[in-house]
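Q: Please take a close look at one part of this model: a sheet, its edges and the helices that lie on it.

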Amino acid sequence: MTAATAPDVIVVGLGAVGSAVAHHLARRGARVLGLDRFHPPHDQGSSHGRTRITRLAVGEGVAYVPLVQRSHLLWRELEAETGEHLYQRTGGLVIASSAADAAAFHGQAGFFARTLALAQRFGIEHELLDAAALRERYPQFLLRDDESAYLEREAGMLFPERCVAAQLQAAQRHGATLVYGETVQRIECHPQGVSVHTDRATHHAARVVLSAGAWLPALAGPALAARLAVRRQVLQWFGTDTPALYAPQRCPVFIWLHGPEPADCLYGFPTGDGVDGVKVGTEQVATRTAPDAVDRQVRPEEVRAVYERHVRGRLHGLRPDCVASATCLYTSTENGDFIVDEHPDAPRVTLVSACSGHGFKHSAALGEAVAQRVLGEAPRVDLGPFALG
């Protein structure tokens with residue numbers, strides 16, 4: 001490849017964020033090379049599982065609200081461009097008691113209170129329902145009397161595999177070159193640019209965007225790796241005796257904080273994602289893993305534990321049998337925030353990672369803003385709150 005045809009930017013990792021970065025770089029006329037060790041969309045990282053929650057009042061913090069608001073517009077634009085159905089509005093619930101809201105969720109306590117405060121601050125349409133009102137409107141949710149619910153109209157679900165595929169298709173239509181099944185081994189900076197060494201070739205570019213998810217810590221170096229934790233998470237689809245209650249027209253997506261520990265939470269979706277069951281996810285923060293050594297099998301004892309700790313007595317009509325399961329990876333910082341910044345030792349390398357379990361809904365706008373920043377434009381959404389400092 002000659003200097004005239006070499007890429008301007010290499011994007012390493014083409015999951016949720018990397019696919020969006022490649023798309024928005026290419027549509028702005030940059031020469032883009034995208035690399036991924038797998039064949040995205042795939043089920044080895046963090047951008048799979050058939051559905052992901054999207055919500056506008058993002059209790060993780062005020063800096064995320066403009067990201068998800070912009071993403072909702074971009075998903076609609078991408079749907080129009082590709083003809084794919086990427087987002088379905090179902091409404092969304094956040095359920096908690098005051099005691100449960102004191103527990104840390106995504107790195108911080110007060111998630112329910114912040115969600116409500118941000119909805120009020122940004123004028124996001126919502127309702128606040130006590131337990132009796134919610135049980136009457138949505139009888140599938142068996143709240144305790146001390147619990148209440150935030151209901152957001154514009155919340156819903158994204159279809160992650162479709163979203164990633166649509167971003168990659170759009171990137172290619174705008175001229176990006178995408179290479180799959182090629183593993184990046186190291187990244188080397190020099191005065192003329194950056195060299196990306198893989199198991200098959202060496203590629204050169206002016207800049208690199210490193211968005212490799214759970215594989216980023218190994219590529220970014222030990223100092224950054226020490227700040228990131230990769231954890232295995234489990235997704236399960238439970239059979240139901242009351243399928244009508246969990247149809248998308250009758251069941252919002254939901255996040256439920258129900259106890260004093262960070263792991264006392266569940267989230268879930270209506271049916272209709274291609275599996276004859278109700279998807280329920282949990283989050284564990286105790287055990288770390290390496291991305292190439294993940295146990296991909298979901299064992300019967302894990303299913304029983306989730307049902308007994310989280311599902312029984314809360315979701316009406318769900319049976320303990322698991323009709324499908326999957327694992328995924330969270331790459332998290334201690335406080336649950338993102339990292340979007342130049343590498344401290346390699347300013348030509350932009351780090352985009354540590355989405356900390358809540359990144360997919362932001363990925364469209366995050367990809368656009370990173371592309372703008374890399375090309376010297378003013379990002380439409382402020383990325384300053386996600387700097388390493």
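A: Start with one pair of residues in this predicted model. Leu 129 stands opposite Ala 149 in β7. The strands here are β6 and β7 (residues 147-152), which run antiparallel and are joined by five bridges.

Now the wider sheet. It is open and has eight strands, in the order β6-β7-β5-β15-β16-β17-β14-β18. The pairing is mixed. β6 (126-130) stands at one edge and β18 (318-332) at the other. Each has a single partner strand, so one side of β6 and one side of β18 are left without a neighbour in the sheet. On average, neighbouring strands are turned by 20° against each other, direction ignored.

Two helices lie across this sheet. Helix α3 (residues 111-122) covers β5 (92-97), β6, β7 and β15 (253-257). Its direction makes about 35° with β7. Helix α8 (residues 300-311) lies across β14 (229-240), β16 (265-268), β17 (278-282) and β18. Helix α8 runs at about 80° to β14.

For context, turn to another open sheet, with three strands in the order β3-β8-β4 and antiparallel pairing. β3 (52-54) and β4 (87-89) are its edges; each has a single partner strand, so one side of each lacks a neighbour in the sheet. Neighbouring strands here are turned by 30° on average, direction ignored. Helix α2 (residues 65-82) packs on this sheet and touches β3, β4 and β8. The direction of α2 makes about 115° with that of β4. Three bridges link β4 and β8 (residues 156-158) in the antiparallel sense. Arg 89 has Gly 156 in β8 as its bridge partner.

Conventions:
Residues numbered from 1 in each chain as written. Predicted model: local features only at pLDDT ≥ 70, side-chain atom pairs only at ≥ 80, totals over all residues. Heavy atoms only, no water. Pairing = 2+ DSSP bridges. Helix = DSSP H or I, 4+ residues; strand = E, 2+ residues; numbered from the N terminus. Axes fitted to C-alpha atoms, helices over the stretch in contact; angles between N-to-C directions. Contact = heavy atoms within 4.5 Å.
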